Amino acid sequence: PRVLIPLIPFFARRIVVRAMLSVVYGTLRRASKQDVDEFWAPTRFPGFTEALRHLLHEFTWDAPFPEIAPPLITIVGSRDHLSRARDAQLHSPPGKKAPFVIVARG
């Protein structure tokens, strides 16, 4: 509720940020101290938490995201085990072949 807007900065504590990050990260990993500090730091600016509250309330959560087609290039490392060079085209949008570069260690 709007009447709580002046109180929002008092709830913007590191422990709250850590709890929110643990929900976002799930079981992938734990939030580091640096993660928490980086997400918490902007809350110290006057008006940040109020602006964030307004953003969250004004966003249309059920609207579909528009289709976008930004320029794309895929860059993979020749020794990358997660994104192998032979799979570079898998990162292209459906029906399109994006250019790709393989970076090899000399």
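Read from the N terminus to the C terminus, the protein follows the pattern α-α-α-α-β-β, that is, four helices and two strands. The model shown here is predicted, and a look at its confidence is a helpful place to start. The mean pLDDT of the protein is 84, with 98% of the residues reaching 70 or more. Helix α3, covering residues 33–40, has the highest confidence, at a mean of 95. Confidence is lowest in strand β2 (residues 100–103), where the mean is 79. As a general reminder, predicted coordinates should not be read in detail where pLDDT is low.

Turning to overall dimensions, the radius of gyration of the protein is 20 Å, whereas a compact globule of 106 residues would have one near 13 Å. The C-alpha trace spans about 55 × 35 × 25 Å along the principal axes. Of the 106 residues, 18% count as buried. Contacts were also considered by sequence separation: among those between residues at least 6 apart in sequence, 50% join residues at least 24 apart.

The surface and the charges add to this picture. The accessible surface of the protein comes to about 9200 Å², and carbon and sulfur atoms account for 67% of that area. The protein carries 15 positive and 9 negative charges, and the mean positions of these two sets lie 8 Å apart.

Two residues allow a closer look, beginning with one in a helix. Thr-49 is placed in helix α4, which covers residues 48–58. Thr-49 counts as buried because its relative accessibility is 11%, below the 20% cut-off for that class. Leaving aside residues up to four places away in sequence, Thr-49 touches Ile-8, Pro-9, Ala-12 and Thr-43.

The second residue, Ala-85, lies in the loop between β1 (74–77) and β2. With a relative accessibility of 23%, Ala-85 counts as partly exposed, since this class lies between the 20% limit for buried and the 50% limit for exposed residues. When residues up to four places away in sequence are not counted, Ala-85 touches Val-76 and Ile-102. Ala-85 can also be compared in position with Val-101: the two are 16 residues apart in sequence, and their C-alpha atoms are 8.6 Å apart in space.

Key. Residues are numbered from 1 along each chain as its sequence is written. This is a predicted model: local features need pLDDT of at least 70, side-chain atom pairs count only at pLDDT 80 or more; totals for chains, interfaces and linings use all residues. Side-chain values use heavy atoms; hydrogens and water are left out. The radius of gyration is taken over C-alpha atoms; the globule rule is 2.2 Å times the number of residues to the power 0.38. Buried means under 20% relative accessible area, exposed over 50%, partly exposed in between (1.4 Å probe, protein chains only). Contact means heavy atoms within 4.5 Å. Accessible areas come from the Shrake-Rupley method with a 1.4 Å probe; for residues, only the protein chains shown count as cover. Lys and Arg count as positive and Asp and Glu as negative; His and the chain ends are not counted. The place of a charge is taken as NZ of Lys, CZ of Arg, CG of Asp or CD of Glu. pLDDT is the predictor's confidence in each residue, from 0 to 100.
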